[in-house]
Amino acid sequence: MNRMVLLLFVLFTSLFASGQAGQANTYSIPLKDKRWATNSFIGTNEGADPLFFVGYFRGLARMSNTGPVYLKTDSLNDHFTDVKKINDSEYYVLNTFYIGKLQRDSVYTLIYDRKLNFTQYQLAANGLLYLIGYDEQDAQWLYCFDGKKLQHIKKLGTRQELGLYHLILDEFKHPYFFSYQKKGISIWAINKQKVADSISYKIKCSKQFMLNALQTKKFKATLYDLGSQRYYFYNERGIQLFSYEESDVKKQVRTYYPYYVYSNKIGQYKIKQIGDSSIVSFELNSNVNNFTQEPIRNTFIVGNAKEPVRVFPYLKKYPNLFGANNSASVFSLRQDHLGRIWAGSYQQDLSIIDGEKVEQPKDRQYLFMNAGDRAADKMYLLADWGKGLLRYDVQGNCKKLLPNFVGFCTYVSKDQKTFYLGGGGDKTFGLHYCSTSELLREKDIQWQNIPTNSTFAIRNVLCIAEDTMNRIWAGNGGGICLFNPNTNSKQTLGLRENKLSLGGTASLFTDSYGTMWIGSIEKGLWYYNKYAPTAKDGDFHQIIHPFWTDGQSILAITQYRNQLLISYADKLLLLNLDSFYQKQKTIIRYLNPQEANFTTTLEQNTLLVSAKDSSVWFSTSDQVYQWDIAQWLRFKTYKANPTVSIHFGSKSDTLYPSAKYELAPKQNSFQLKIDYHTPDLMPRYIQAWLRNEEGDSIKVPAPALETAFSFSNLKSGRYTFVVNVLEEDGTISHYQYPICLDAFWFEKPKYWLFIAICLSAIVAYVFYLRSKKEIESAKRKEAEARMAQWQAETVSELNKLKIASISNQFKPHFLLNTLNAVGSFLYHKPQAERLVDLIGKSVRIIFAQSSTGVNVHSLSKEWELIENVIEIFRILYIKELETSLPSKEQLQAVQLQQIPFGILQIPVENALLHGLHNRKSGPYLLQIILENYTNHLLFIIEDNGVGREKSASLSNVRKHGTGLKNLQETIRLYNLNNTGNEIEMEFQDNIHHNEYGEPYGTRVLIKIPKNYNYEF
């Protein structure tokens, strides 16, 4: 009787396992050299933040979020066999004759002795390492290593005497040594560097077995018998068989308590928990060497002869729905009233997934479109090429209801009374509908459609949804149509007529709060919740998020509890509705790209939440997936906390947020790397870019997995490396790393300032000698003049000399400002020749005027100086400068009018240098107005710069602003001889105010009489 029960149990287990349709999703962890990939996976899963290691030819790699980290080693070992964790920060690296210590991603040799021969049985407990090995006489010993010394703590005997042996921890993490001989099992408790007396237990099984678990409080042991391929459970009642593997298991069985992995055919593996009926299936085109559990997300890491593979049990894929090893082009993914999933492919196939079974109806040779819905106990699917609407019953029998109909989507109203069809093509475009009760007819179904005159927005309907006002929304690439079945009225919102901002529509969904969500074509995610009698463009609002920066479409939308699920390109996103409605925050999580591991993009409108078990079903272009989202949402999330390093060849350094990092001029080519560690060991989407703080426009990149960024031949200046980490909890962490790239000495403004000062000093000295000579000549003439007029002549001459002195100060000031600007500019721009030409023209005017001995010249000469200074500033500083100047006719009419030197040029230069140049953004406006009156000329110079008060606080105008002071002193002296007919200069500050009420802008009014005496 017991044998019959066992046989039935074995047959049932075999049938259950072989009937599995889903395979756990996997991710291959890349290694740098696949020819010498891991022969065994070695690592540890202990603690709250476990580390995992991969052994490869003559090396060791540590798994990280951003890929394998290859450890430096001073050993020449061919292969490391294990890594043992001693405490929270220390690990020992082992092989048959070697013990090393891991520190900061480097392995240092502690023991290297070819005479030793450690076995595969090693154990770490209480900060000590226990090993079993042979000495030179082939005697077997139990060793203890404390980090410095290797000690013999018990002689175990020879190979023949000992039999099978192992080291194991009990439920309290206490170490034990056990051996199996003919009489049974002997177990020794290990206390630091001592071994207690053995306890013997009589257990009969084959000589090839593994002790998987040991409980010492009431002795219990779990054993796996390699000979019979059975698992046993031993307790005080004796041995009980509790699990039996598939009858055709011949190749592989690997154990890792409490799990074991086995294969019943090439490429197909299954992981099962001891004493549990649940099975995790996965595919692998290489033999499994060993495996371990990753506890953070309950995944498994499998070692094999190629690359280690991570297995994600909570995300299953169905690779063989249609035979021939494919599940491609699943355009229709729907669930019937029995909870079965119908997967319709555009490659002319249809499968029904019913738990662990996959069935295929007889009549399935259709090109299934992105449509399908359930009404009562029937499934309705759309087929391409004029096959129309298909009705399937529970048994999979098919009936054609609407031949020659071309459509893209279907929808059943919330009250289950109306069935809608989204049509397309030349004859069946628009929205069609009938009652669900009529669908049961074999023919003569009374279909109705929305009037189609000028309704461009409902041609080729791609998606349909219903809002809380029972209006039917139909969307496509042209816009949206709202149809009210209660009033038989419609409204269209299109790109052409109404200029709909969200553009075309790829998906629609109404959430449990009543908000209509619109997945646009190339413009991200939008929502509508106003619910007015008519909708307009301003009622639609866009969700702003970094994921939608590359112009791709939102393909599908649905809801799981408080999460809005969004299908987008190759990403599956979750928008937290509680945060959105209660806190007005956009929190978007994502299915991690490692656990998803999609090879193609997601399909349109194939996203559903199962009414049977709340799992999420969706498809890509080559696969169908089932996601245990409830389990996924229970996983703990971790912040990435990135570390940014800068690399110059073999040298590197660490950057810190908000701390400026200085670079030498020759360090203008470098690489920036982002590294981060979280216990889940999975990557994060990151936005990273180098921003030039001197005004260069930069397009912010889309989130990606890239963590290394190279930059070459950067010009000197201030930069900021900006890093945005899209965290797993849906938040975005922002980091900024300032970088300052220094200029070469000959590129710095100080160098050119020094040259400008030298040139100015030479020019000033020449003017000084000329002035000195003029003064001596004037004194001689004064002595020969009439003595009666000596006092008046003396005063007049002194005023004249003061004018000349002021003029001489002004002219070098102009040259100094100009040459200083040229110096800072020559390094960057190829327009130096133009600048030199403009400066040369201005210098010629200055020298020509200075040779006359007076400080007056024609308006035409002054205007030439103005045009030169405007052009210089436009080239050097303000490329976007906009000017409004008097016409040529106005200037020609007064071109011979004599005016003081610099009376117009200096206010114009001040407007450019101190007003407009300090403005942070455009527009940059300079206006000069000339009003020609009968007796005088009026010049109005106006700018929209920061104003004189703010300019004084930003620049060095207080220290070096002598030009305007000298000009005003010159005018004062000239006015002494022109009482009642003076030159007037008025300043009007803060002539404008911005939207925040902050003042800006300056206006200068200059009145110059036409008949003015410039003589003393």
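Biologist: How far apart are the closest N and O atoms in the salt bridge of Arg441 with Glu438?
Modeller: Arg441 and Glu438 form a salt bridge, defined as a side-chain nitrogen of Lys or Arg within 4 Å of a carboxyl oxygen of Asp or Glu. For Arg441 and Glu438, the separation of the closest N and O atoms is 3.4 Å.

Biologist: What pLDDT do local features need?
Modeller: Residues are numbered from 1 along each chain as its sequence is written, and side-chain values use heavy atoms, leaving out hydrogens and water. This is a predicted model in which side-chain atom pairs count only at pLDDT 80 or more, totals for chains, interfaces and linings use all residues, and local features need a pLDDT of at least 70.

Biologist: Is Glu438 buried or exposed?
Modeller: Arg441 has a relative accessible area of 39%, so it is partly exposed; the class lies between buried (under 20%) and exposed (over 50%), with a 1.4 Å probe and protein chains only. Glu438 has a relative accessibility of 13%, so Glu438 counts as buried.

Biologist: How many residues apart are Asp989 and Arg948?
Modeller: Asp989 and Arg948 form a salt bridge, with the closest N and O atoms 2.9 Å apart. The pair links distant parts of the chain, since Asp989 is in strand S71 (residues 984-993) and Arg948 in helix H12 (residues 948-954). Helices (H or I, at least four residues) and strands (E, at least two) are DSSP runs, numbered from the N terminus. Along the chain, the separation of Asp989 and Arg948 is 41 residues.

Biologist: Which residue pairs with Glu359 in a salt bridge?
Modeller: Glu359 lies in strand S34 (residues 357-359), and its partner sits 19 residues apart in the loop between strand S31 (330-335) and strand S32 (341-345). Glu359 is partly exposed because its relative accessible area is 31%, whereas the partner counts as buried because its relative accessibility is 6%. The N to O distance is 3.9 Å, and the partner is Arg340.

Biologist: How many salt bridges are found in the whole structure?
Modeller: One network of salt bridges links Arg297, Glu595, Asp680, Arg684 and Glu728. A search of the whole structure gives a salt-bridge count of 24.

Biologist: Where is Phe744 found?
Modeller: Phe744, Trp745 and Phe746 make a nonpolar surface patch of about 330 Å². Phe744 is partly exposed because its relative accessible area is 30%. Its place is the loop between strand S65 (732-741) and helix H6 (749-784).

Biologist: What is the relative accessibility of Arg780?
Modeller: Arg780 forms a positive surface patch with Arg770, Lys773 and Lys781. Patch residues have over 30% relative accessible area and no salt bridge, with like charges joined within 9 Å and nonpolar side chains within 5 Å. Arg780 is found in helix H6. Arg780 counts as exposed because its relative accessibility is 53%.

Biologist: What span does helix H9 reach from its first C-alpha to its last?
Modeller: Helix H9 covers residues 859-876, 18 residues in total. Its buried residues include Leu859, Trp863, Ile866, Ile870, Phe873 and Leu876. At 1.5 Å a residue, the expected value is close to the span reached, 26 Å.

Biologist: What distance separates the C-alpha atoms of Trp188 and Phe178?
Modeller: Trp188 lies in strand S17 (residues 184-191) and counts as buried because its relative accessibility is 13%. Trp188 and Phe178 are 10 residues apart along the chain, and their C-alpha atoms are separated by 6.1 Å.

Methods
The expected span of a helix is 1.5 Å times one less than its number of residues. Accessible areas come from the Shrake-Rupley method with a 1.4 Å probe; for residues, only the protein chains shown count as cover. Lys and Arg count as positive and Asp and Glu as negative; His and the chain ends are not counted. The place of a charge is taken as NZ of Lys, CZ of Arg, CG of Asp or CD of Glu.
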